[in-house]
Amino acid sequence: MKTVPYIQTHIWNELVDKISRRLPINFVFEKRPTWSHPWKISPKWDNDGKQWVFTIKPGFVNGIEVTAPTRVKYANSRTIERLKEAGVKNLNDDRVVDAFICESPQIEIGSTRIIGTGANPTGISSNLRLSYEPVPQFFKDLGVGESNVQISGSLSGGITFKDGPDEGKKVRRLRACDVSLWKDRPSAKFEIYNGSILDGSMGSVYITYNHSGGMRKNPYLQVSAEFNPPPEPDSVMALLDGMTDPEYDLLKVATIYFLSPEGASEEAELDSSWTPFVKNDIFWNLAHSPQRIPDPTPIEPIRLITPLAFGIASPTIAMILSPFNDLLNRAAQILMSRNLAGKFWSL
Amino acid sequence: MNIEQIKVRNGESIQKAWDRLVKWVESLKVQPNDMVSINETPNGVIVKVRREAKTFNHPFKVYGSTETIRVTSGLVNGQVPYINDKLEGWRRIDNRKSDGGKYDPEKTIPEMEIDSGKTKENKTYICIEVESNDEGTIKNPETDLRIVQLADPEGEDKKKGYYPIALLYLDKSGKKIEQFFQVVHHNLRYVRQKQASENKKVKGNQHLFFPL
């Protein structure tokens with residue numbers, strides 16, 4: 001007797017759901033934008049690489065081209081020819097190279113952060129209340145829920161994690177990544193010499209202004225799950241407060257959000273069914289300048305002019321005072337020192 | 001996939017037909033790109049089509065052909081720069097006479113030829129060149145306020161101020177323009193800064209440009 005093969009009901013119905021989700025039901029033609037501004041980001045789905053990439057309208061800093069890291073397979077032929085002419089070898093598809101954004105590279109969107117349900121907390125208050133990155137109202141209106149995991153209890157009695165109310169089948173997920181602009185610059189550094197008992201030298205502190213090496217001439221873009229700039233110094237004397245002066249200035253260019261279809265699980269992968277939205281932060285070309293390195297102000301040395309020993313004592317006294325004048329000069333330079341944090345402004 | 005391949009034939013195995021059907025459904029997807037975005041809902045896909053942006057005609061817009069460039073009118077300290085027209089020499093970029101009057105009969109907009117000797121790595125900059133007195137006054141725009149082509153946007157003559165308004169990508173020969181990239185979108189204010197000098201050597205950049 002022949003067996004009659006059958007198809008399970010749920011398999012059939014899943015296929016029907018898939019078809020119904022993919023049928024186009026509406027075409028919307030967006031209003032023509034006024035102009036395409038510098039730094040404008042346009043995400044697109046790479047069907048071959050199965051990932052999201054973006055292109056960016058070229059922007060300039062001080063009239064200089066900006067670079068971005070990209071894999072050779074996403075680089076323009078102009079980039080590849082330039083690298084070959086420069087003698088760069090082993091240009092295989094997955095190698096990451098620096099392309100000028102004027103060369104129209106496609107830039108990968110790597111890791112993203114979760115916003116809303118499933119997000120990691122960004123802080124905790126004194127009454128044990130977790131805080132999260134807020135979901136923008138625009139996405140709340142589209143069905144993204146706020147993160148709702150909270151903790152209860154106390155440090156002494158024990159802490160438990162509590163889930164929020166059920167999200168429902170129509171919930172949508174939100175992921176994001178940030179694109180930032182970096183500009184290398186010299187930084188102010190304290191250098192400490194511990195002194196030595198062997199030669200009797202004393203410990204001392206020096207202030208220097210330089211870069212540790214590898215300072216890039218061109219500004220460059222970075223893509224990261226979250227933009228975390230170093231804290232802004234409170235005052236120009238921040239170095240004396242122990243604050244480290246970083247060797248770069250940075251600025252956020254844009255945040256790229258990805259919105260899932262309805263009913264996506266927390267673990268759903270970022271694929272072509274997600275919709276990208278871009279929030280641009282800069283719209284004009286930029287200028288940048290670091291702080292000016294303070295001039296080494298010559299100090300008035302300490303002297304003692306005396307008629308003792310018919311004036312012969314004066315050079316001896318000057319020789320004794322010489323190391324103290326040196327220390328005084330260094331102290332003056334340290335007090336004048338400041339970090340070289342620069343500023344961007346638009347053109 | 002050909003629709004005829006999806007259809008079943010009498011007596012065909014259900015499993016094989018099903019597998020072909022599933023594969024076909026997987027291919028039924030509107031793919032997003034930089035002009036098209038999709039919003040998937042349980043009832044179907046909403047397809048959004050982005051249109052090309054309008055043209056923004058701003059000051060100092062550099063445009064042209066593969067061998068010559070033109071610059072739309074713009075002001076530096078309220079004065080109009082001059083450009084070296086390939087036929088008639090230095091002329092105002094707004095296509096007017098030195099006194100601001102219109103030409104009669106009207107002339108074609110001045111255009112400058114690209115010099116392949118002023119390029120670097122198949123790129124060249126179109127810059128504003130300013131020469132002023134110590135107070136920053138531009139006395140004669142015809143000689144002191146010009147649109148020039150440079151390989152290095154910082155220029156060579158430190159007595160003059162240079163500011164890039166556009167970057168041009170050239171072809172491999174370095175003679176034909178392939179792409180224009182605009183740097184400046186506004187009129188400009190030029191300030192000449194007096195710097196403290198040590199031993200009569202002026203330090204730092206004296207020439208500052210700000211958008212208006």
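Let's start with B:E111, which counts as buried at 17% relative accessibility. The cut-off for buried is under 20%, so B:E111 falls on that side of the line. Keep in mind that this is a predicted model.

So who does B:E111 pair with? The partner is B:R70, and their side chains meet in a salt bridge at 3.8 Å, N to O. The two come from distant parts of the chain, 41 residues apart. B:E111 sits in the loop between β6 (89-92) and β7 (112-113) of chain B, while B:R70 is in strand β4, residues 68-71. As for cover, B:R70 is partly exposed, with a relative accessible area of 22%.

Staying on chain B, have a look at B:R92. Its salt bridge is with B:D94, and the closest N and O atoms are 2.8 Å apart. Is B:R92 buried or exposed? B:R92 counts as buried, at 14% relative accessibility. As a bit of background, side chains of opposite charge can pair when their charged atoms come close.

Okay, over to chain A. Here A:E133 forms a salt bridge with A:R113, with 2.8 Å between the closest N and O atoms. That pair also links distant parts of the chain, 20 residues apart: A:E133 is in the loop between β11 (130-131) and α3 (137-140), and A:R113 is in strand β9, residues 113-115. A:R113 is buried, with a relative accessible area of 12%, whereas A:E133 is partly exposed at 22%. There's a third member too: A:D178 is linked with A:R113 and A:E133 in a network of salt bridges. If you want the tally, the structure holds 20 salt bridges over all chains.

Let me zoom out on chain A for a second. You're looking at 4 helices and 21 strands. Of its 347 residues, 37% count as buried. Now take the contacts in chain A between residues at least 6 apart in sequence: 71% of those join residues at least 24 apart. On the outside, chain A exposes about 20300 Å², and carbon and sulfur atoms supply 57% of that.

Next up, charges on the surface. Which residues make up the positive patch? They are A:K31, A:R32, B:R51 and B:K54, so the patch takes in residues from both chain A and chain B. If you're hunting for B:R51 on the screen, go to the loop between β2 (44-49) and β3 (62-64) of chain B. B:R51 is partly exposed, with 44% relative accessibility.

There's a patch of negative charge as well, and its members are B:E131, B:D152, B:E154, B:E156 and B:D157. You'll find B:E131 in the loop between β8 (123-130) and α3 (141-144) of chain B. At 31% relative accessibility, B:E131 counts as partly exposed. Patch members need over 30%, so B:E131 clears that bar.

Last stop: B:H186. Where is it? B:H186 lies in the loop between β11 (177-182) and β12 (188-192) of chain B. Even though we're in a loop, B:H186 is buried, with a relative accessible area of 19%. And what does B:H186 touch? Leaving out residues up to four places away in sequence, B:H186 touches A:W284 and A:L347 on chain A, plus B:P59, B:F60, B:P211 and B:L212 on chain B.

That's my tour, happy to go back to any of these on the screen.

Key
Residues numbered from 1 in each chain as written. Chains lettered and ligands numbered in written order. Predicted model: local features only at pLDDT ≥ 70, side-chain atom pairs only at ≥ 80, totals over all residues. Heavy atoms only, no water. Salt bridge = Lys/Arg side-chain N within 4 Å of Asp/Glu carboxyl O. Buried < 20%, exposed > 50% of the residue type's maximum accessible area, 1.4 Å probe, protein only. Contact = heavy atoms within 4.5 Å. Areas by Shrake-Rupley, 256 points an atom, 1.4 Å probe, with all protein chains shown as cover. Patch = residues over 30% accessible without salt bridge, like charges linked within 9 Å, V, L, I, M, F, W, Y side chains within 5 Å. Lys, Arg positive; Asp, Glu negative; His and termini not counted. Charge placed at Lys NZ, Arg CZ, Asp CG, Glu CD.
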